[in-house]
Amino acid sequence: MSKTSLRTTSRSLPIALLRARETVMGPVREMLADSGINEQKWRVLRVLDESGPLDQSLLAEKSCLQLPSLTRILRAMEEQGLVTRAMDPADRRRSIVSISEAGHTVIQDRADANRKLFDRLEAAYGKERMETLLDMLEDLNNTDFRG
């Protein structure tokens, strides 16, 4: 029995979010297992495929990565030929990242498997509940409670 007045871990939002993340990401990791990329690289490729070239700071934000981690990941992705980086001609301190043809190929090669994976999740969880969950998570993400 707990000696504190904290919520039980079964009703803790941070722990519940981590459990939900693992429920979703486990199958995604399996889908990526033979691709040569991990989930962080997958997110970077997805964001660049969707958004087009981005500066590193915005790419870090959109792919939910810390900038120092993204910098390390981008080095590896460049070596794999998945992305290219170029200096921003308007601001030589900024680096613009673009997805390469090889990066597009990784996305295309996994698109069907990814779609099927999330179709199964949506079928099991319910389309309406999934949309509600995504809306609620977006609202939570936009809530400022830091004081």
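A residue counts as buried when its relative accessible area is under 20%, as exposed when that area is over 50%, and as partly exposed in between (1.4 Å probe, protein chains only). Leu140 is therefore partly exposed, because its relative accessible area is 35%. This is a predicted model, in which local features need pLDDT of at least 70, side-chain atom pairs count only at pLDDT 80 or more, and totals for chains, interfaces and linings use all residues. Residues are numbered from 1 along each chain as its sequence is written, and side-chain values use heavy atoms, with hydrogens and water left out.

Let's stay with Leu140, which is found in helix α6; helices (H or I, at least four residues) and strands (E, at least two) are DSSP runs, numbered from the N terminus. On the surface, Leu140 joins Leu13, Leu17, Leu133, Leu134 and Leu137 in a nonpolar patch, with about 460 Å² of accessible area together. Two elements, α1 (13–32) and α6 (127–141), each give two or more residues to this patch. Helix α6 supplies the largest share, four residues. Patch residues have over 30% relative accessible area and no salt bridge (a side-chain nitrogen of Lys or Arg within 4 Å of a carboxyl oxygen of Asp or Glu), and nonpolar side chains are joined within 5 Å. Accessible areas come from the Shrake-Rupley method with a 1.4 Å probe.

Now turn to the strands, where pairing takes at least two DSSP bridges. Strand β3 (residues 91–99) runs antiparallel to β1 (residues 54–55), joined by two bridges; here Asp55 has Ile96 as its bridge partner. Six bridges join β3 to β2 (residues 83–88), again antiparallel, and Val83 is partnered with Ile99. A hairpin of two residues links β2 to β3.

Note on methods. Patch = residues over 30% accessible without salt bridge, like charges linked within 9 Å, V, L, I, M, F, W, Y side chains within 5 Å.
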